[in-house]
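Trainee: I am new to this structure and would like to know how its labels are earned. Please set each value against its definition.

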Amino acid sequence: MRPLEDYLVIDFSQFLSGPSASLRLADMGARVIKIERLGVGDICRTLYTSNLIMNGESSVFHAINRNKESFEVDLKNEDDCEMVRELLKKADVMIHNFRPGVMERLGFDYQSVTAINPSIIYGEISGYGTDTEWKNKPGQDLLLQSVTGLTSLTGNADSGPVAMGLSIVDMLAGAHLAQGLLACLYRKAIKNEGGFVQVSMMESAYDFQFETITTFMNDGGALPERSKNNNANAYLGAPYGIYQTENAYLALAMGSIPQLGKLLGCEKLEDYLEPSEAFDKRDEIKAILAEHLLLNTTENWLSILEPADIWCADVLNWNALMEHDGFKVLNMIQEVEMVDGYKYETTRCPIRIDGERLTSSKGSPKLGQDNEKIIKEFITQNTIANA
């Protein structure tokens, strides 16, 4: 038995943020039914990455909607809405990530849903919250990275704003929603109370920066300054960064500059004796280090630094990573199968419970594939007769 078995989640969300939250609940045993628009479904079904089409749909959809069921309805049709209300009466959790006002127009806002199921836990993700003047702006990941200052932290000093190469704000908001829902499920188990969990992508992006924002607010309001070369953190001194070697790259975290100089045979670095110089003179230190590391291979430098307990690492692409024993032992890849027999590989849930890896062989749903089963199981004959 997984922790959330016997819990029912009705998920109206689409794209990445909301579905990533329901995916995590599904991995922990919850039954997740996606409410999808008639004839269209989750827009993410056609949100292609690198134009990759898998079994007629987007790889993004398959990755984030495995282990779920699909209920295809027309929310502008009252009969279909009544069927959804039947589901919500029996649900433990409901999720959506529409812009403020959409669920009110559809009749599935918090007040309307709790009127028919007072103990439901209602979760919503918005882009900018429900009270700000930005509330109607599109909650898209790159836009949120840009407006919350995240793009000012990545890249070298002269590279301008740089976005992260992942939809990080989407994923953070989904993780925060899952945390809030799990907390309310715990309370529900004890007190049989419902709850209202609200997350905005903007707040998630701010929380992601809690360390750097705290430094900024208590440092006289001085904006972070990225180093000119090999920047990896605007608030950390040398040697922190990624460096090119004779044949590849090498990542270096915090460490003593003189010690690093001795180990690498770089006499110039041994002159920086004051700890404060690692930050105050980080550009010149990094320039010396970058030039020196080109003289030999990554494997050579690792063979010197790792035995000395210097924080360093190889820099791997996915091909190299997946051939590495350190990756293979984790069994992070699982094969899942769709209802039509189509199989694909994807990642598994990273959480283990009682020593068990949370894997599932169930792939993403075809649009509306579970309608007949869901109607038979949940919808009363009176509702069907009136439809």
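Trainee: Why is Arg2 called buried?

Mentor: Buried means under 20% relative accessible area, exposed means over 50%, and partly exposed lies in between (1.4 Å probe, protein chains only). Arg2 has 16% relative accessibility, so Arg2 counts as buried. Glu356 has a relative accessible area of 41%, so Glu356 is partly exposed. This is a predicted model, in which local features need pLDDT of at least 70 and side-chain atom pairs count only at pLDDT 80 or more, while totals for chains, interfaces and linings use all residues. Residues are numbered from 1 along each chain as its sequence is written, and side-chain values use heavy atoms, with hydrogens and water left out.

Trainee: What makes Arg2 and Glu356 a salt bridge?

Mentor: A salt bridge is a side-chain nitrogen of Lys or Arg within 4 Å of a carboxyl oxygen of Asp or Glu. For Arg2 and Glu356 the N to O distance is 3.6 Å, and the side chains meet in a salt bridge. Arg2 is in the segment before β1 (8-11) and Glu356 in strand β15 (residues 356-357), 354 residues apart. Strands (E, at least two residues) and helices (H or I, at least four) are DSSP runs, numbered from the N terminus. By this rule the count comes to 19 salt bridges.

Trainee: How do you know that Lys188 and Asp92 form a salt bridge, and what does the pair tie together?

Mentor: Their N to O distance is 3.2 Å. Lys188 lies in helix α7 (residues 168-191) and Asp92 in the loop between α3 and β6 (93-96), so the pair ties together parts 96 residues apart in sequence. Lys188 is buried at 10%, and Asp92 is buried at 14%.

Trainee: Which salt bridge lies in helix α3 (residues 78-90)?

Mentor: The side chains of Glu82 and Arg85 meet at 3.1 Å, N to O. These residues are three apart, about one turn of the helix. Glu82 is partly exposed at 26%, whereas Arg85 is buried at 17%.

Trainee: Why is Cys44 in no disulfide?

Mentor: A disulfide is a pair of cysteine sulfur atoms within 2.5 Å. The closest cysteine sulfur to that of Cys44 is in Cys349, 19 Å away, so the two are too far apart for a bond. Cys266 is in no disulfide either, as the nearest cysteine sulfur, that of Cys312, is 16 Å away. By this rule the count comes to zero disulfides.

Trainee: Are these cysteines, Cys44 and Cys266, buried or exposed?

Mentor: Cys44 is buried, with a relative accessible area of 0%. Cys266, at 6%, also counts as buried.
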